[in-house]
Amino acid sequence: MIDVKEVEFDELDCSYNNEAVCPYCSYENVIILDGEDDSDENETECANCEKIFMYRVRVSVEFDSQPIENYYLKERQRLQSRIERYEIDDEPYKWQKEMALQSKRELAQLDKWMERLIEN
Ligand SMILES: [Zn+2]
C-alpha cells in the first residue's frame, strides 16, 4: 500500500461554498461547470498552491409558493395589461393584433383553469 497519511483540514470551511475552497490553502477556486461530469468526485488543481484536491458539486433546489387566488389575479392582470398595450393603436400592425389575440387566448385558458379549480 502507498504510504498516505490523512490530512487535517477545516471541513466547515470547505463545505457549502459558492466556489471550491482549497482544503490546503483555503483559496477560492472558480470552477466552470461544463455539465458533463460534474456529479460525483472531481479532481482539480488549486490555482494558488497548485495542489490537487477533490471537489463535489452540490446542487440545491428552492421552491417559491403562493395562494392560487393571488397567482390567478396577478396573472390575469399581467395578461390584461398586455392586451391593452397591444390594442392601444387605432390601426394596429398585424403582429400587434396577433399578440393581442394570443394574450386573449391565454386569458381564456387561465379563466378555464381557475374555474375548474374552484369547482372542486
Ligand atoms: Zn490551494
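Domain bounds in what follows come from an automatic or database domain assignment. The structure is a predicted model, in which local features need pLDDT (the predictor's confidence in each residue, from 0 to 100) of at least 70, side-chain atom pairs count only at pLDDT 80 or more, and totals for chains, interfaces and linings use all residues. Residues are numbered from 1 along each chain as its sequence is written.

**Exercise 1. Overall layout**

Task: Describe how the chain is divided into domains, and state what distance separates their centres.

Solution: Begin with the bounds, which place domain 1 at residues 1–60 and domain 2 at residues 68–119. Next take the centres over C-alpha atoms, and the separation between domain 1 and domain 2 comes to 49 Å. Then turn to the extent of the chain, whose C-alpha atoms fill a box of roughly 80 × 40 × 25 Å along the principal axes. Finally, consider the radius of gyration (taken over C-alpha atoms, with a globule rule of 2.2 Å times the number of residues to the power 0.38): the chain has 27 Å, whereas a compact globule of 120 residues would have a value near 14 Å.

**Exercise 2. Elements and confidence**

Task: List the order of the secondary-structure elements from the N terminus, and find which of them has the lowest mean pLDDT.

Solution: Helices (H or I, at least four residues) and strands (E, at least two) are DSSP runs, numbered from the N terminus. By this count the chain holds two helices and four strands, and their order is β-β-β-β-α-α. For confidence, the average pLDDT of the chain is 92, and 96% of the residues score at least 70. Among the elements, β3 has the lowest mean pLDDT, at 93, and β2 the highest, at 97.

**Exercise 3. The hairpin of β3 and β4**

Task: Work out how strands β3 and β4 run relative to each other, and which residues stand opposite Glu41 and Asn42.

Solution: Two strands pair if DSSP finds at least two bridges between them. Here five bridges join β3 (residues 41–45) to β4 (residues 52–56), and the strands run antiparallel. Along this pairing, Glu41 stands opposite Arg56 of β4, while the bridge partner of Asn42 is Tyr55. To judge burial, call a residue buried if 20 or more other C-beta atoms lie within 10 Å of its own, exposed if 12 or fewer, and partly exposed in between, with C-beta atoms placed from the backbone. The number of buried residues among the five of β3 is zero, so this strand lies largely in the open.

**Exercise 4. Two residues with positive phi**

Task: Compare the settings of Ser26 and Glu50, and decide whether each counts as exposed or partly exposed.

Solution: Most residues other than glycine have a negative phi. Ser26, which is not a glycine, has a positive phi of about 70 degrees, and it lies in the loop between β1 and β2. Because Ser26 has 14 C-beta neighbours inside 10 Å, it counts as partly exposed. Glu50 is likewise not a glycine and has a positive phi of about 65 degrees; its place is the hairpin of β3 and β4, which has six residues between the strands. Glu50 is exposed, because 10 other C-beta atoms lie within 10 Å. A further step concerns Asp10, which lies in the segment before β1 and whose C-alpha atom is 8.9 Å from that of Ser26, although 16 residues separate them along the chain. With 10 C-beta neighbours inside 10 Å, Asp10 counts as exposed.

**Exercise 5. Helix α2 and long separations**

Task: Establish how far helix α2 reaches from its first C-alpha to its last, and how many of its residues are buried.

Solution: The expected span of a helix is 1.5 Å times one less than its number of residues. α2 has 26 residues and reaches 38 Å, close to the 38 Å expected. Among these 26 residues the count of buried ones is one, and the helix is hardly covered. Leu101 lies in α2 (residues 94–119), and it counts as exposed because it has 12 C-beta neighbours inside 10 Å. The C-alpha atoms of Leu101 and Asp34 are separated by 41 Å, with these positions 67 residues apart along the chain. A second pair, Val57 and Gln77, is 20 residues apart in sequence and 40 Å apart in space, C-alpha to C-alpha. Val57 lies in the loop between β4 and α1 and is partly exposed, with 14 other C-beta atoms within 10 Å. For the chain of 120 residues, 5% count as buried.
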